[in-house]
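Trainee: Got a minute? I'd like to go through this one with you.
Mentor: Sure, bring it up.

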Amino acid sequence: MILLNPGPVNVSRRVTDAMARGDLCHREPEFSDLLESVRQKLLRAFAPAGDWVAVPITGSGTLALEAAVSSAVSAGRKMLVVQNGVYGARIREMAETHDIDTVVLEWPWTERAEPVRVSEALAADPEIEVVAAVHHETTTGLRNPIEAIGRVVRDAGRVLLVDSISGLAGDPIELDAWGVGICVGVANKCIQGIPGVGFVLARRTEMERMAGLAPRTVYLHLPRHHAAHEKHTVPFTAAVQVFYALDEALDELLEETVAGRVERYARAARQLRTGFERLGLEILLPEERRSNSITTLRLPAGTTYSSLHDALKRDGFVIYEGQGQLGSTAFRVANMGALGSADFDRFLECLERALP
Ligand SMILES: Cc1ncc(COP(=O)(O)O)c(C=O)c1O
């Protein structure tokens, strides 16, 4: 089955095989070595400059994100949430669930966040400590202007927390240079690992600041995980086999290089979009707002998502439904994972046959 949903993705045979490296107790030195290897490779891939730490945590991306959100804000201070899709709304829900006061700036799902509004909101409210934004809004495939948001957040002396769960290794992001303070990712999207581990990348100074704040939860307390990792262990049982797969997937990524992976995804997206236009399909977002890894298309008249999905699945391809308000009018095609141009050519042929 070729997965054209935005994660979990098709992985290489090499990554699948890594899960069979053998049974291992997470309290043994071999796991300490594996943990250290994953931490170092995450830093080499995504934070080669500056003094950063990487904190892999067992769980899906939501867990790592909630760990970051619930650990990042001091009691009595606020989080500003940049919201132009489902995942921005999810950050707001997390903050509010943990009794963190929020200020929410909203844009329509097809619009990019505007740094000037972030800047104005920060000037108006000194209680805002952290700004949270989604790099790549998987809802639509929209790429937010993180570099420009990072500039205004840095100028205002606040902290930028980025959900790059579907962005890292698919779209460009330079954590140190763009003024990001905390960034969240996951193993099973553009990094091409297996689901079950998320991670947080943080400036060391940010991790030290968070360590001084009162914990809001037990499992999700990010500094607790980091402190254990510094002692070469984990606070709770880790998904050992998923760590094996992530370790291998990071080797593949470092061999391909992050820039090479981003370019491969950009090429795949161009190939698909050229094909979509040839088939007369309408792409939801204008070109300059699109990410490298998801295309949202309007459902053509005379078909439903389920009939298109089922026809393509019979041919071996999984596409993805439109989310929320786009549910009945759009569908998504992702190009994440260990796939090649022949897979996309074959998909376009099958799509042509499946369309009315
Ligand atoms: C931008 C973004 N944030 C958060 C998540 C949640 O990740 P998970 O499903 O791994 O919990 C996703 C998943 O698609 C995502 O795309």
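Mentor: We'll take the ligand, then two helix pairs.

Mentor: This is a predicted model: local features need pLDDT of at least 70, side-chain atom pairs count only at pLDDT 80 or more, and totals for chains, interfaces and linings use all residues. Residues are numbered from 1 along each chain as its sequence is written.

Trainee: Which residues come nearest the ligand?

Mentor: Ser60, Gly61, Thr62, Thr138 and Ser166, out of 13 around the ligand. Being near takes a C-beta atom, placed from the backbone, within 6 Å.

Trainee: Which helix gives the most to that shell?

Mentor: Helix 3, residues 61-72, with three residues. Helices here are DSSP runs (H or I, at least four residues), numbered from the N terminus.

Trainee: New topic. At what angle do helix 2 and helix 9 cross?

Mentor: Roughly 35 degrees, and their axes come within 9 Å. Axes are lines fitted to C-alpha atoms over the stretch in contact, and angles run from 0 to 180 degrees between N-to-C directions.

Trainee: Which residues meet there?

Mentor: Among them, Phe31, Leu34 and Leu35 in helix 2, and Phe243, Tyr244 and Leu250 in helix 9. Contact means C-beta atoms, placed from the backbone, within 7 Å.

Trainee: And helix 7 with helix 8, what's the angle?

Mentor: About 115 degrees, with the axes 9 Å apart.

Trainee: Who makes that contact?

Mentor: Met207, Met210 and Ala211 of helix 7 face Leu222, Pro223 and His226 of helix 8 in this contact.

How values were computed. Helices (H or I, at least four residues) and strands (E, at least two) are DSSP runs, numbered from the N terminus. Two residues are in contact if their C-beta atoms, placed from the backbone, lie within 7 Å.
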